[in-house]
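Subject: Structure handover

Hi,

Here is the structure I promised to pass on. Have a look at it first, and then read my notes below.

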Amino acid sequence: MRFLRRPVPLWSHLAAFGVVVLVLGGLAAGVAAGLLTPPWLASALGPQSVVRNEQVVTFITKEEQTVLLTLGVEGISEAEGIPPEILKDVPVLKKVRLMQYSLTAKLGVDTVTIDATGDHQFTVKVPPFTWIGEADTNIDRVISDDGVLSAFTAQMSESEQFNAIVDDELKNQYLSANDEALRNQAEFHFTKLAHSIDPDAELTFEFAG
């Protein structure tokens, strides 16, 4: 049996060829655009991700203190819980907590006054030495010794005891004990500073108190 084939019109071949040309042209144009488009234009036309970081200065502190001595301090803080007056001598009602601590104390001086008294001669007036601050405060050990009936005896908390370690009594104790060392270090420090500016400078020191 013989099948008859109908002739395909010429316009159909041309249409198919045109579709192929359009597809290939589109691909070529896309590649060319990617290669020839300047980066700044691609960045302007393409999607963007913007990250903003805002910072605010909350405070500025002008430091004018000079650290003369740094001390390594170790000690024991005792917090005692005492029953009411009428029962204060009853041992089973008492509480005692011992807190062994260590810290680094910084002793120094505020701004000194320097007056010129002659050619290369100066008088340095040093105010009272001060406790500038402490660092590296650590609780090394806590020991509690509570009476068997001391549940209702009032006692400061561990955090309150920790915060009370550095009080005026402790500061005055170390300032007094190191007064001579502070004076010697002040003379050394400010003399060295003066000689870095004027090698012939002669300083006389006047200490408060």
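Let me start in the middle of things: D136 sits in strand 5 (residues 130-146). Helices (H or I, at least four residues) and strands (E, at least two) here are DSSP runs, numbered from the N terminus. With a relative accessibility of 57%, D136 counts as exposed; the cut-offs are under 20% relative accessible area for buried, over 50% for exposed and partly exposed in between (1.4 Å probe, protein chains only). D136 isn't a glycine, yet its phi is positive, at about 55 degrees. H120 also has a positive phi, near 65 degrees, and isn't a glycine either. You'll find H120 in the loop between strand 3 and strand 4, partly exposed with a relative accessible area of 30%. Why point these out? Most residues other than glycine have a negative phi.

Some ground rules before you go on. This is a predicted model, in which local features need pLDDT of at least 70 and side-chain atom pairs count only at pLDDT 80 or more, while totals for chains, interfaces and linings use all residues. Residues are numbered from 1 along each chain as its sequence is written, and side-chain values use heavy atoms, with hydrogens and water left out.

How far to trust it

The average pLDDT (the predictor's confidence in each residue, from 0 to 100) is 75 for the chain, and 63% of the residues score at least 70. Among the elements, strand 6 (residues 202-207) has the highest mean, 95, and helix 2 (residues 39-45) the lowest, 48. The pLDDT is below 50 over residues 44-50, a stretch with 1 contact in the model beyond near neighbours in sequence; contact means heavy atoms within 4.5 Å. Residues 58-62 are also below 50, and that stretch has 0 contacts beyond near neighbours.

The overall layout

The chain has 5 helices and 6 strands, in the order α-α-β-β-β-β-β-α-α-α-β along the sequence. Of its 209 residues, 22% are buried. If you take the contacts with a separation of 6 or more, 75% of them are between residues 24 or more positions apart.

Helix 5 and the core

Helix 5 (residues 179-197) is a good place to zoom in. Its 19 residues reach 27 Å from first C-alpha to last, close to the 27 Å expected at 1.5 Å a residue (the expected span is 1.5 Å times one less than the number of residues). Which residues of helix 5 are buried? L182, A186, F190 and A194 are, and they lie on the same side of helix 5 because they cover an arc of only 85 degrees around the axis. That arc is taken from the directions from the helix axis to the C-beta atoms. On the other side, E180, F188, K192 and S196 are exposed. The cover over the buried residues of helix 5 includes strand 1 (66-81), strand 2 (95-109), helix 4 (168-177) and strand 6.

The largest nonpolar core has 24 residues, of which V126 and F129 touch the most other members. Such a core is a set of buried Ala, Val, Leu, Ile, Met, Phe, Trp, Tyr and Cys residues joined through side-chain atoms within 4.5 Å. Strand 2 gives the most to this core, with 6 residues. Leaving aside neighbours within four places in sequence, the contacts of F129 include L68, L182, A186 and F207.

Two polar spots

Q161, in helix 3 (residues 158-163), counts as buried, at 1% relative accessibility. Its side chain makes a polar contact of 2.8 Å with the side chain of R97, and a polar atom of the Q161 side chain lies 3.0 Å from the backbone oxygen of S77. A polar contact is a pair of N or O atoms within 3.5 Å; within protein, one must be able to donate a hydrogen and the other to accept it, and residues adjacent in sequence count only if both atoms are side-chain atoms. S77 belongs to strand 1 and is buried too, with a relative accessible area of 14%.

The other spot is D110, in the loop between strand 2 and strand 3 (113-118). D110 is partly exposed, at 34% relative accessibility, and its side chain is joined to that of Q65 by a polar contact of 3.0 Å.
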